[in-house]
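Student: I would like to go through this model and ask, label by label, what each term rests on.
Tutor: Then let us set each value against its definition.

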Amino acid sequence: MFGFFPLILSAFLLGLGFYLLVQVLARKEPANLPRGSMGWPLFGETLGFLKPHISNSMGSFLQEHCSRYGRVFKSHLFGSPTIVSCDHELNMFVLQNEEKLFQVSYPKAMHGILGKFSLLIVSGDVHKKLRNIGVSFITSSKSNPEFLDCVEKMTISMMNSWKNCKEIGFYKEVKKFTLNLMVKHLLSIEPEEPLASKILEDFLTYMKGFVSLPVYLPGTPYASAVKARARLSATVREIIKERRKEQLGLFKGDFLDAILSKQNLSDEKTVSIVLDMLLAGYETTATLMALIVYFLSLYPNVLEHLKQEHNAIRKNKENGEPLNWEDYQKMEFTCNVIYESMRCGNVVKFVHRIALQDVKFKGYFIPSGWKILPVLTAVHFDPSLHDNPMEFNPWRWTSAIWMTQDKATSKKVMPFGGGPRLCPGADLAKVEIAFFLHHLVLNYRWKTMADDFPLAYPYVEFRRGLLLEIEPIQAKAGKIET
């Protein structure tokens, strides 16, 4: 027992020394720094910042700090002195000045999971080149009849599998749906192939450790995630190897073919961008779909209006006739529902940046080398920007934002980020979700459990996996056709 005393004393003295160092540094801080607290020695305020809360809220940490210090405050998060911004104008300023005044700066522990060429981590010309590859393929895909047909067929197949079910774990189901769709679209792997199941299993492990405590010990979520990423990389490398053997054979016309035939990239960069596209098209899209279904269950008036829009589209088509790009362009209220779900559900809570030089903005001083976290969720619930911000109200988007993002409301909501790092897959996700909702609202009724709500960890998770009681709608114009 007494043998542990020197260790305890050493830890105490180390913590005390760190605390005193922080206090000394704090006294030397510029006078015009935002107010705030540096928190506890070693940990700062990270644990409080990451405390789980209902995702359609700011959470107690941000509410208390904004109330005490204002919408921009200093803190010590993720091991660094940090400026936290819940101010819309400052957030826009930070995101629009990427590579000029600020740069992406995720914690080093994330690099082990994401890989050194991930779009989330790289900057400068490398980021621009890799992002342009993704944007080019997505732009050509979103209205491609083959892609639209693939989305609809997979949607119908999934909903047919529910016909004899009274309950489904919706979040798990849509994760399977989005990953199968992306694996098919990017790598031409069919959902029924064993390789698709292997990729899904590895991605589930990968995501569990994505924002876990970065401790690389056997059995920890972080260590498992690093290993899962290595397996995923090996899988994609093997596919690349097989494609190169078949250069004179069948051209599949998927994302991987587009990279290999036109882009001069190393295998490591090719693997990285493929995994980035899978990650973006899988996790965030599935989370948004689950949030939409959750909100629709709480607001029957919104669901009824959505049904009316999709019934009108279906009535102008032959029985079993597939949806097309023109149908998608008519789904204006559907788009409103998608955007309002992003505003209220907050798939992405914040992003990581670092100041490249001393920056002054609106009277605030951001020292060079300090982290800055633009908190997107806080802006989404700002009453000075949104009327009744806690209310789920898709009609707030009725100022014809369809297909554009330059209207008043859309300027105040940043679910896809902003600036040079605006999510490249946003338009593709909207198409997938719109087609999925078309068949869902016309073919099923559903109920959620009272205690099954979305929690931010900061990633979004449902307490019960969004368990739904479902019931097929009989004799409707939107009847599922195989």
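Tutor: Buried means under 20% relative accessible area, exposed means over 50%, and partly exposed lies in between, with a 1.4 Å probe and protein chains only. Helices are DSSP runs of H or I with at least four residues, strands are DSSP runs of E with at least two, and both are numbered from the N terminus. In helix 13, the buried residues are Val302, Leu303, Leu306, Lys307, Glu309, His310, Asn311, Ile313 and Arg314. This is a predicted model, in which local features need pLDDT of at least 70 and side-chain atom pairs count only at pLDDT 80 or more, while totals for chains, interfaces and linings use all residues. Residues are numbered from 1 along each chain as its sequence is written, and side-chain values use heavy atoms, with hydrogens and water left out.

Student: How do you know that the span of helix 13 agrees with what is expected?
Tutor: The expected span is 1.5 Å times one less than the number of residues. Helix 13 (residues 300-315) has 16 residues and should therefore span 22 Å, and its end C-alpha atoms are 22 Å apart, so the two agree. Its buried residues pack against helix 7 (145-160), helix 12, helix 14 (325-329), helix 15, helix 18 (426-443) and strand 10 (444-448).

Student: Why is Arg343 called buried?
Tutor: Its relative accessibility is 0%, so Arg343 counts as buried. Arg343 has its place in helix 15 (residues 332-345), and its side chain is joined to that of Glu340 by a polar contact of 2.9 Å. A polar contact is a pair of N or O atoms within 3.5 Å; within protein, one must be able to donate a hydrogen and the other to accept it, and residues adjacent in sequence count only if both atoms are side-chain atoms. The side chain of Arg343 also reaches the backbone oxygen of His380, at 2.7 Å.

Student: Why does Tyr206 count as buried or exposed, and what does Tyr206 touch?
Tutor: Tyr206, which lies in helix 9 (residues 194-208), has a relative accessibility of 4% and therefore counts as buried. Contact means heavy atoms within 4.5 Å, and, not counting residues up to four places away in sequence, Tyr206 touches Ile113, Leu114, Ala225, Ala228, Arg229, Leu232 and Leu279. Tyr206 and Leu279 are 73 residues apart in sequence, with 9.6 Å between their C-alpha atoms.

Student: What makes a set of residues a nonpolar core?
Tutor: A nonpolar core is a set of buried Ala, Val, Leu, Ile, Met, Phe, Trp, Tyr and Cys residues joined through side-chain atoms within 4.5 Å. The largest such core has 107 residues, of which Trp162, Phe170, Tyr206 and Leu278 touch the most other members. Helix 12 (residues 267-298) gives the most to this core, with 18 residues.

Student: What is notable about the phi of Glu99, and why is Glu99 called partly exposed?
Tutor: Glu99 has a positive phi of about 75 degrees although it is not a glycine. Most residues other than glycine have a negative phi. Glu99 lies in the loop between helix 4 (88-96) and strand 4 (102-104), and its relative accessible area is 35%, so Glu99 is partly exposed.
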